[in-house]
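Student: Hi! Could you walk me through this one while I have it open in the viewer?
Tutor: Happy to, let's bring it up.

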Amino acid sequence: MISLASIYDMEKKEHRQVMYRGFISELFVPYMDLNEEWYYRTFFDAGEYGFGQCAVPLQPLRDCPENAVFMDTYMAAGDGRPVKMPNTFCIFERHAGDIMWRHTEGTIPNTLISETRAEVSLVVRMVAAVGNYDYIVDWEFKQSGSIIANVGLTGLLEVRASKYTHNDQIKEEVYGPLLADNTIGVRHDHFLVYHLDLDIDGGANSFVKSNLRTARSPDPDSPRRSYWTVVAETVKTEADARIKFGLQEAELAVVNPNRRTRMGNPVGYRLIPKSAAGPLLSADDYPQIRGAFSNYNVWVTPYNSSEKWASGFFTDQSRGDDTLATWSLRDREIENKDIVMWYTMGFHHVPCQEDFPLMPTLSSGFELRPTNFFESNPVLKVTPPHPR
């Protein structure tokens with residue numbers, strides 16, 4: 001969990017609130033094999049296995065770079081005793097050779113002006129090994145104010161035995177590709193839902209959808225026939241806040257309507273997703289009823305201290321009646337309130353031979369990016385590094 005994330009505003013000379021708490025609330029992993037030995041394999045890696053309890057010690061120079069600092073954590077054992085978990089987190093500055101900003105100006109006669117700044121960010125990392133999969137969880141904090149969450153999937157594929165040794169022999173549904181002799185890699189999904197309790201400059205926030213819409217030119221004599229415009233909508237209730245990516249073009253932001261810039265814009269942070277995957281199971285399929293929080297990529301709910309885990313408190317015995325999807329049916333008001341944004345990131349995994357026997361890391365994530373949060377570019381005055 002990342003708690004109390006803030007950024008120091010150099011112009012205002014103050015720390016400003018961004019995120020009260022952010023964490024992975026659930027991981028839903030349904031496999032697509034309908035055989036008797038496999039149909040029930042629809043795992044909830046947080047609610048059923050304890051995602052945090054599956055954290056593993058990180059290895060210097062392997063899991064984390066040379067400049068990393070490591071942290072231990074403690075968890076409660078089954079009998080209530082505290083158990084030390086060594087090197088659960090590592091924290092380090094990332095110097096990846098990325099560019100923070102740059103510009104070259106060549107329009108001045110006989111003059112070439114070029115300025116560029118290197119990106120340096122702060123990364124907090126942990127790894128949870130849940131059965132066969134290892135999840136690499138990064139929270140990256142940029143000097144520009146952006147927060148990037150990233151998850152890498154690696155480890156061992158879940159495979160099953162088969163009588164086949166060549167793809168040409170297969171004339172039936174085997175629920176996955178042949179990866180090696182007598183070895184099928186079963187198709188499956190990974191849905192990770194993040195709990196993002198954003199407090200942008202305070203607890204009272206709103207969710208704004210800025211819809212991008214095509215408009216016709218008002219001038220019939222114009223050589224241009226169309227353009228696109230933005231129609232901003234402050235969402236009133238939970239039902240209107242549900243978003244499926246790919247169905248509409250919109251920018252999504254959490255704003256503080258009570259704090260504005262000098263230009264009059266409400267301060268905020270917008271969500272920039274990388275994944276648009278959604279569930280392919282039918283809505284009446286029992287695993288999907290339990291994992292109905294994956295039906296939408298974005299949900300917004302009013303803060304409730306009992307609503308932390310998207311699959312409910314008792315996931316092992318869940319029938320889908322205590323999930324994010326059922327809480328949201330109350331259609332509560334979310335305007336100018338303490339709200340939580342839930343972001344569901346999905347992977348549809350069709351295994352391939354390169355994934356076997358050990359899978360190279362497959363990554364995705366999202367960015368929370370300042371939007372009218374600062375009066376101007378907050379990293380404009382970052383000094384360039386001195387050459388050695």
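**Aromatics, arginines and a sheet**

Tutor: Let's start with a group of rings: W139, Y194, F245, Y343 and F366 make up one aromatic cluster. Keep in mind that this is a predicted model.

Student: Good to know. How many aromatic pairs does the structure hold?
Tutor: There are 20 aromatic pairs. Take F23 and W309: their ring centres are 5.3 Å apart and their planes make an angle of 55 degrees, so this pair is tilted.

Student: Why does 55 degrees count as tilted?
Tutor: Planes under 30 degrees apart would be stacked and those over 60 edge-to-face, so 55 degrees falls into the remaining class, tilted.

Student: And where do F23 and W309 lie?
Tutor: F23 is in strand β2 (residues 14-30), while W309 is in the loop between β19 (298-302) and α3 (324-327). They are 286 residues apart in sequence, so the pair ties together distant stretches of numbering.

Student: Is F23 buried or exposed? And what about W309?
Tutor: F23 is buried, with a relative accessible area of 4%. W309 counts as partly exposed, at 30% relative accessibility.

Student: Nice. What about F44 and F293, how are those rings arranged?
Tutor: Their planes stand at 70 degrees with the centres 6.3 Å apart, so that pair is edge-to-face. It also links distant parts of the chain: F44 sits in strand β3 (residues 42-44) and F293 in the loop between α2 (286-290) and β19, 249 residues apart. Both F44 and F293 are buried.

Student: Switching to charges: which ring does R16 lie over?
Tutor: R16 lies over the face of F373, 3.8 Å from the ring centre. You can also look at R41, whose charged end sits over the ring of W38 at 4.0 Å from its centre.

Student: And R290, where is that one?
Tutor: R290 is in helix α2, and it is buried, with a relative accessible area of 9%.

Student: What does the R290 side chain make a polar contact with?
Tutor: With the side chain of E48, at 3.2 Å. Setting aside residues up to four places away in sequence, R290 touches several others, including F44, T315, D316 and R319. That brings back F44, the partner of F293 in the edge-to-face pair.

Student: Any other arginine I should click on?
Tutor: Try R160 in strand β11 (residues 159-161). R160 counts as buried at 18% relative accessibility. Its side chain makes a polar contact with the side chain of D33 (2.4 Å), and a polar atom of that R160 side chain lies 2.9 Å from the backbone oxygen of V174.

Student: What else is R160 in contact with?
Tutor: Leaving out neighbours within four places in sequence, its contacts include N35, W38, Y175 and N182. T183 is another of them; the C-alpha atoms of R160 and T183 are separated by 5.8 Å, though the two residues are 23 apart along the chain.

Student: Last topic, the sheet. What is the strand order?
Tutor: It is an open sheet of 10 strands with antiparallel pairing, ordered β4-β5-β8-β9-β10-β21-β18-β17-β15-β16. The edge strands are β4 (69-76) and β16 (226-234), each pairing on one side only. From one strand to the next, the twist averages 25 degrees.

Student: How many bridges join β8 to β9?
Tutor: 10 bridges join β8 (residues 121-130) to β9 (residues 133-142), and these strands run antiparallel. To find your place there, look for V123, which stands opposite E140 in β9.

Methods. Residues are numbered from 1 along each chain as its sequence is written. This is a predicted model: local features need pLDDT of at least 70, side-chain atom pairs count only at pLDDT 80 or more; totals for chains, interfaces and linings use all residues. Side-chain values use heavy atoms; hydrogens and water are left out. Rings of Phe, Tyr and Trp (its six-membered ring) pair if their centres lie within 6.5 Å; planes under 30 degrees apart count as stacked, over 60 as edge-to-face and the rest as tilted. Helices (H or I, at least four residues) and strands (E, at least two) are DSSP runs, numbered from the N terminus. Buried means under 20% relative accessible area, exposed over 50%, partly exposed in between (1.4 Å probe, protein chains only). A charge sits over a ring if NZ of Lys or CZ of Arg is within 6 Å of the ring centre and within 35 degrees of the ring normal. A polar contact is a pair of N or O atoms within 3.5 Å; within protein, one must be able to donate a hydrogen and the other to accept it, and residues adjacent in sequence count only if both atoms are side-chain atoms. Contact means heavy atoms within 4.5 Å. Two strands pair if DSSP finds at least two bridges between them. Axes are lines fitted to C-alpha atoms, for helices over the stretch in contact, and angles run from 0 to 180 degrees between N-to-C directions.
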